[in-house]
Amino acid sequence: MKRDIVLLSTADWDNPFWTNKQHVAVELAKDGHRVLYIDSLGLRRPSASARDVRRIVRRLKKAFRPPVEVRKRLYVWSPVTIPLQRWGGVRALNRRLLSRALRAMTGRLGMSYDLLWTYNPLTTRLLDVGAFRQVVYHCVDEIKAQPGMPAAVLEAGEEELCRAADLVFTTSRHLTETRRRWNPETHYFPNVADFDHFHRACDPSTPVPADLAAIPAPRIGFIGAVSGYKVDFRLLRTVAEARPRWSLVLIGAVGEGDPWTDPTLLEGVPNIHLLGPRDYRDLPGYLKGMDVAILPNTINEYTRSMFPMKFFEYLAAGRPVVAVALDALAEFAHVATLADSPEVFIDGIERALAGEVPPLEARLAVARQHTYAARNRQMMELVEAALKKRNKPSMTGKEDGT
């Protein structure tokens, strides 16, 4: 059964680092569903940083554009809401504006209110979820633990959404346990990877980008947001100072998602190389040029509930992986080194450089089992089974009465 799907994201489609949201939307469209992808509606309060100002300007420029078809059956829309979600009056105004605009855009595309697939914990405060035939909440992060978030508002809104949803999908065991208190139809699906894309790192014809090749080996690499609430800067500096012959290469925007990030600890260290963000299509080449791929996450409320997307991408690229001992990775300790101290982290990198790693085929086999196509298929099977149980009639083109 092919569905009309409104996907309410918490990431802009054109963000250079794709997340679950973009990949899920692509797979749903590949499977024949029509998807309206709605860019992030701004949960975090904006800062005065240049990045936030640029994003606001970009959004205002796109505000009055109709949805754009970026892939076959996949449309992207960038409505504007007021990014001050902690205030009830602002949320009420956002709900009215978004509801009316969504009715207009789905009508323009001839789409029904068949399935709402949301990542936004404030969805019930922004839309009348009861107008949709079916609602899926895909919980991939502990969003309220991110800097600048209205935590109390988010927690109350998320409980309301979980109770209203037909299904809740989560990406870590901790998220599963906590959300299942609100909805028994909560199912665990860990983060996955685009195996074919990242496996290009194993292809002899894939070039290593010149800027990375110019950095002395061995190269210890990280790809992702270089943000203070996710990455342990002190750990990176400790590694760099303990092993000055190693080159630590960080690919990603400093402060992505956290404009209050202070990168001082990473500055002035000659063997730490901040390359900035790189295009998604070029990442396999960068991974090919790395001797060891690392996940140097800090341990806090956010990361305790996080399954790092890069884990399976690293494995698909054939790289040895050394990570901090995140709870979500415990079941994969047989294909990676999980470290509970800086000393163990450094030792794990040394052993990986010496070739003391799980067999390549074992690592690739785990990565092959965790792909977007396979996970989407499993999730949609649950969605269709839930629909058969519920058999709720469609409310085509109708939303709330605002």
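**Exercise 1.** At what angle do helix α9 (residues 233-242) and helix α13 (residues 342-353) pack, and how far apart are their axes? Then classify the pair as oblique or roughly perpendicular.

*Solution.* Keep in mind that this is a predicted model. Start with the geometry: α9 and α13 pack at an angle of about 55 degrees, with their axes 10 Å apart. Next, the label: that angle makes α9 oblique to α13. As for handedness, the two helices cross in a right-handed way.

Now look at who touches whom. From α9 come Leu235, Thr238, Val239 and Ala242, and they meet Pro342, Phe345, Ile346 and Ile349 of α13. Sort the contact of α9 with α13 by class and you get seven nonpolar residues, one polar and no charged ones.

**Exercise 2.** Work out the strand order of the six-stranded open sheet and find which strands stand at its edges.

*Solution.* Walk across the sheet and you pass β11-β10-β9-β12-β13-β14, with parallel pairing. The ends of that walk are β11 (272-274) and β14 (337-339); each has a single partner strand, so one side of each is left without a neighbour in the sheet. On average, neighbouring strands here are turned by 25 degrees against each other, direction ignored.

Zoom in on one pair. Strand β9 (residues 219-223) runs parallel to β10 (residues 247-251), and five bridges join them. Pick Gly221 as an example: its bridge partner in β10 is Val249.

**Exercise 3.** Place α9 and α13 against the strands: which ones does each helix meet?

*Solution.* Take α9 to begin with. This helix packs on the sheet and touches β10, β11, β12 (292-295) and β13 (321-324). The direction of α9 makes about 150 degrees with that of β10.

Then turn to α13, which lies across β9, β12, β13 and β14. Against β12, α13 runs at about 160 degrees.

**Exercise 4.** Describe how helix α1 (residues 20-30) packs with helix α15 (residues 372-390).

*Solution.* Angle and distance come before anything else: the pair packs at about 75 degrees, with axes 10 Å apart. The cut-off you need is 65 to 115 degrees for roughly perpendicular, and α1 and α15 are therefore roughly perpendicular to each other.

For the contact itself, α1 supplies Asn20, His23, Val24, Glu27 and Leu28, while α15 supplies Tyr372, Ala373, Arg375, Asn376 and Met380. By class, the contact of α1 with α15 has five nonpolar, three polar and two charged residues.

Notes
Residues numbered from 1 in each chain as written. Predicted model: local features only at pLDDT ≥ 70, side-chain atom pairs only at ≥ 80, totals over all residues. Heavy atoms only, no water. Axes fitted to C-alpha atoms, helices over the stretch in contact; angles between N-to-C directions. Helix = DSSP H or I, 4+ residues; strand = E, 2+ residues; numbered from the N terminus. Parallel < 35°, antiparallel > 145°, perpendicular 65-115°, else oblique. Contact = heavy atoms within 4.5 Å. Nonpolar A, V, L, I, M, F, W, Y, C, P; charged D, E, K, R; others polar. Left-handed = near helix turned anticlockwise from the far one by under 90°. Pairing = 2+ DSSP bridges.
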